Amino acid sequence: WAETFEPLPNDLLVRWFARFLWYMGRRNLRHLVGDILLHPGKRELGPLHAACELFHASLLLVVYFLGIFVAALLILFLWILEAVPLPNLIPNAAASALKGVMGYIADGFVDVAAYMDDPARRDAIRQRTEDILKEYERNPLCDEIIVFAHSLGTVVAYDVLSARTAATNPYRHKYRTFISIGSILDPVQRMDPKHRVFYDFQGTRRRPKSMKWLFLYARYDPGPAGPLSAWFAATDPADA
C-alpha cells in the first residue's frame with residue numbers, strides 16, 4: 001500500500017508518534033515488570049536462565065524508556081532551533097537534522113498514523129486488501145483462506161476480516177485461520193478504543209467471526225508486548 005501515502009505534516013506525525021509511544025510504553029512496562037521481572041518462575045526456568053531473563057528485561061526496560069526520553073528531547077530541541085532565528089549555520093544544521101529525524105519517524109509510523117487517522121487512506125488500503133481476498137473467495141479451487149499478517153498488517157487484517165467474515169458475505173465460510181505476528185493491535189486499540197476498526201457505527205464490537213486466531217509474539221517484542229489484552233477475548237461462541 002506504499003503508493004497510497006503522501007507525506008504527513010510534521011506536527012500530526014509527531015503527535016501520533018508521541019501518543020503511540022506513550023501507550024506502547026505503558027503496556028511494555030506492565031509486561032516487562034509484571035510478566036517477566038516479577039514472575040520468571042511461570043516459565044519454569046532454571047536459576048541461571050531466570051537470572052539472565054531478569055538482567056535482559058531490566059536492561060531492555062532502561063534502554064527502552066531512555067530512548068523515548070532522548071527522542072522526545074531531541075525532537076523538541078530541533079523544532080526550537082528551526083523556529084527561533086539564529087545564525088544561519090545553526091538553523092540549516094537543525095533543519096537537516098530535523099529532516100533526518102522526521103524521516104526516521106515517518107519510515108516506522110507514517111503508515112500506522114495514516115491508517116488510524118486518515119479515513120481516505122484507510123479505505124484505500126482496505127480496498128486493496130479486499131480485492132486480493134475476493135480473488136480467493138471467488139476461486140472455485142480455493143476451499144480455505146488462511147491470513148498471515150505482521151505489525152500494522154495485523155490491524156488491517158483484523159479490520160478487513162471483521163467485514164469479510166460477516167453474515168452478509170456468502171464466502172465467509174472459506175475463512176478458517178488468522179495468524180498474526182508482531183501485532184500492534186493492543187496499543188492502537190488502547191489509543192482509540194471506539195475507533196471504526198474496533199466498533200461499527202451502531203456501537204457493536206467488530207471481530208473476525210468463526211476463525212481460529214493464532215497470536216504469535218516474542219516476549220521482548222515491544223509491538224505486542226505480551227499476549228492480547230482481555231478486550232480481544234471472544235465473548236460469543238461464533239467469535240471463537
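This is a short selection-by-selection tour of the model in your viewer.

**Before you click**

You're looking at a predicted model, where local features need pLDDT of at least 70, side-chain atom pairs count only at pLDDT 80 or more, and totals for chains, interfaces and linings use all residues. Residues are numbered from 1 along each chain as its sequence is written, and side-chain values use heavy atoms, with hydrogens and water left out.

**Stop 1: the whole chain**

Start with a cartoon view. The secondary structure comes to 6 helices and 3 strands; helices (H or I, at least four residues) and strands (E, at least two) are DSSP runs, numbered from the N terminus. Follow the sequence and the pattern reads α-α-α-α-β-α-β-α-β.

Now color by accessibility. Of the 240 residues, 40% count as buried (buried is under 20% relative accessible area, exposed over 50%, partly exposed in between, with a 1.4 Å probe and protein chains only). Switch to a surface: the chain exposes about 13500 Å², and carbon and sulfur atoms supply 64% of it. Accessible areas come from the Shrake-Rupley method with a 1.4 Å probe, and for residues only the protein chains shown count as cover.

If you like contact maps, count a contact as heavy atoms within 4.5 Å. Among contacts between residues at least 6 apart in sequence, 78% join residues at least 24 apart.

**Stop 2: the strands**

Select β1 and β2. They pair in the parallel sense over 6 bridges (two strands pair if DSSP finds at least two bridges between them). To check the register, show Phe148, which stands opposite Ile179 in β2, then Ala149, which stands opposite Ser180 in β2.

Turn on the β1 side chains and look at how they alternate. Ile145, Val147 and Ala149 point to one face and are buried, while Ile146, Phe148 and His150 point to the other and are not. As for β2, 5 of its 7 residues are buried, so this strand is largely enclosed by the rest of the structure.

**Stop 3: the nonpolar core**

Next, select Trp16, Met116, Val155, Val188 and Phe198. These have the most contacts inside the largest nonpolar core, a set of 39 residues. By nonpolar core we mean buried Ala, Val, Leu, Ile, Met, Phe, Trp, Tyr and Cys residues joined through side-chain atoms within 4.5 Å. Elements that each supply at least two residues include α1 (10–37), α3 (89–117), α4 (119–137) and β3 (212–216). The most comes from α5, with 7 residues.

Zoom in on Phe198. Leaving out residues up to four places away in sequence, its neighbors in contact include Met116, Tyr158, Val188, Pro193, Arg206, Trp231 and Phe232.

**Stop 4: the salt bridges**

Opposite charges are up next. Side chains of opposite charge can pair when their charged atoms come close. The search of the whole structure finds 6 salt bridges, each a side-chain nitrogen of Lys or Arg within 4 Å of a carboxyl oxygen of Asp or Glu.

Center on Arg126. Its side chain meets Asp159 in a salt bridge at 2.7 Å, N to O. That pair links distant parts of the chain, with Arg126 in helix α4 and Asp159 in helix α5, 33 residues apart. Arg126 counts as buried at 16% relative accessibility, and Asp159 is buried at 4%.

Arg126 also bridges Glu130 at 3.2 Å, N to O. These two are 4 residues apart in helix α4, so about one helical turn separates them. Add Arg206 to the selection and you have a network of salt bridges linking Arg126, Glu130, Asp159 and Arg206.

Slide along helix α4 to Arg121. It forms a salt bridge with Asp118, the closest N and O atoms being 3.1 Å apart. Arg121 is buried at 12% relative accessible area, whereas Asp118 counts as partly exposed at 22%. One distance to try: from Arg121 to Asp111, C-alpha to C-alpha, is 9.1 Å, with their positions 10 residues apart in sequence.

**Stop 5: a nonpolar surface patch**

Finish outside. Select Val62, Leu66, Phe69, Val70 and Leu73: they form a nonpolar patch on the surface, with about 480 Å² of accessible area together. Patches are made of residues with over 30% relative accessible area and no salt bridge, like charges being joined within 9 Å and nonpolar side chains (Val, Leu, Ile, Met, Phe, Trp, Tyr) within 5 Å. Val70 lies in helix α2 (residues 47–83) and is partly exposed, with a relative accessible area of 46%.
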